[in-house]
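The following questions and answers examine helix packing, charged pairs, backbone geometry and surface character in one protein chain.

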Amino acid sequence: MTTTGYVPEVRARLDADAADIVSRYPQARSALLPLLHLVQSEDGYVSRHGIEFCAETLGLTTASVSAVATFYTQYKRRPNGEYTVGVCTNTLCAIMGGDEIFERLSERLGVGHDETTEDGRITLERVECNAACDFAPVMMINWEFFDNQTADSALEVVDRLIAGEDVTPTRGPEKVVSFKEMSRVLAGFDDGRADEGVAAGGASLVGLKIAREHGWTAPSYDAAEREAAASAAASADAAPGVGEEHSSADRPAGSDADVETEEKR
């Protein structure tokens, strides 16, 4: 084992957790994403020591690990706040008030995008999309949903975080945990909260409700039907032979450009 900057007891704990993670994948390098979450749960960001640990564990270069860590926005390359407050400012959320929410929070916290308050409490982010358009505008705190927000309601939630109070997301577990704790969950370790709270909001279930009211069900699609559909698709995709329907190889010239092409031949 190569020393990567972690003290022995931390390194031993990371090694045990990493072995658990890697065992879940047929190819060890497939474990890189959860391993990055694992070191982030230890350091609060993907540190140089974390990069070295992942590289050594998976037999990769530090450059390869760094390339992945800098590609995904969930991985932080400098110390992150205890809570990441992400405000969606993509089109729908923006016109529903997302831009105003971000500006009000930025003013309240004294930080801009991807910046952390001096006390290390909160990192503020503009998020491209929180994948919850039916609840716009949406704010996430450590990737837990706060739906249908206003500037005032978002400020109230953030003020509670600053005061050290627990906050409850609209959907999901009963309270938001710290950035490090959530990083460990994303690494694949169960924290026992998966069945807490509301799993899906009403807006997401409207289609299901309407289908049940009308007795609609999805069509059956057994193995025989799948094989027949695949065969039909393969036939449709096959290129027609010369002279067959849809083939232009032997058709009469129908335009000046066609005539010019024929003459060149």
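Q: At what angle do helix α1 (residues 8-22) and helix α3 (residues 48-58) pack, and is the arrangement parallel or oblique?
A: The model is predicted, so local features need pLDDT of at least 70 and side-chain atom pairs pLDDT 80 or more, whereas totals for chains, interfaces and linings use all residues. Residues are numbered from 1 along each chain as its sequence is written, and side-chain values use heavy atoms, with hydrogens and water left out. The axes of α1 and α3 are 11 Å apart and the packing angle is about 50°. That makes α1 oblique to α3.

Q: Which definitions underlie the helices, their axes and the word oblique?
A: Helices (H or I, at least four residues) and strands (E, at least two) are DSSP runs numbered from the N terminus. Axes are lines fitted to C-alpha atoms, for helices over the stretch in contact, with angles from 0 to 180 degrees between N-to-C directions. Angles under 35 degrees count as roughly parallel, over 145 as roughly antiparallel, 65 to 115 as roughly perpendicular, and the rest as oblique.

Q: Is the crossing of α1 and α3 left-handed or right-handed?
A: A crossing is left-handed if the near helix is turned anticlockwise from the far one by less than a right angle, and right-handed if clockwise. By this criterion, α1 passes α3 in a crossing that is right-handed.

Q: How do α3 and α4 relate: parallel or oblique?
A: The axes of α3 and α4 come within 8 Å and cross at roughly 120°. The crossing in which α3 passes α4 is right-handed. In orientation, α3 and α4 are therefore oblique.

Q: How many salt bridges does the count come to?
A: A salt bridge is a side-chain nitrogen of Lys or Arg within 4 Å of a carboxyl oxygen of Asp or Glu. By this rule, the count of salt bridges is 20.

Q: What separates Arg48 and Glu52 along helix α3?
A: The side chains of Arg48 and Glu52 form a salt bridge at 3.1 Å, N to O. Arg48 is exposed at 55% relative accessible area, while Glu52 is partly exposed at 25%; buried means under 20%, exposed over 50%, and partly exposed in between (1.4 Å probe, protein chains only). Because Arg48 and Glu52 are four residues apart in α3, their separation is about one helical turn.

Q: Which residue forms a salt bridge with Arg121?
A: The N to O distance in the salt bridge between Arg121 and its partner, Glu82, is 2.6 Å. This pair links distant parts of the chain, 39 residues apart: Arg121 is in the loop between β2 (115-116) and β3 (122-127), and Glu82 is in the loop between α4 (62-69) and β1 (83-88). Arg121 is buried at 17% relative accessibility. At 31%, the partly exposed partner is Glu82.

Q: Are Arg171 and Asp147 buried or exposed?
A: Arg171 and Asp147 meet in a salt bridge of 2.8 Å, N to O. The pair links distant parts of the chain, 24 residues apart, with Arg171 in the loop between α6 (151-162) and α7 (179-186) and Asp147 in the loop between β5 (144-146) and α6. Both Arg171 and Asp147 are buried.

Q: Which residue follows Ala136 across a cis peptide bond?
A: Most peptide bonds are trans, and most residues other than glycine have a negative phi. The bond after Ala136 is cis, with omega near -5°. The residue that follows lies in the loop between β3 and β4 (139-141); this residue is Pro137.

Q: What is the phi of Trp143?
A: Trp143 is in the loop between β4 and β5 and is partly exposed at 22% relative accessible area. Asp114, in the loop between α5 (91-109) and β2, has a positive phi of about 60° although it is not a glycine. Trp143, also a residue other than glycine, has a positive phi near 70°.

Q: Which residues form a nonpolar patch on the surface with about 320 Å² of accessible area together?
A: One member lies in helix α2 (residues 32-43) and is partly exposed, with a relative accessible area of 34%. Patches take residues with over 30% relative accessible area and no salt bridge, joining like charges within 9 Å and nonpolar side chains (Val, Leu, Ile, Met, Phe, Trp, Tyr) within 5 Å. Accessible areas come from the Shrake-Rupley method with a 1.4 Å probe, and for residues only the protein chains shown count as cover. The patch consists of Leu33, Phe71 and Tyr72.
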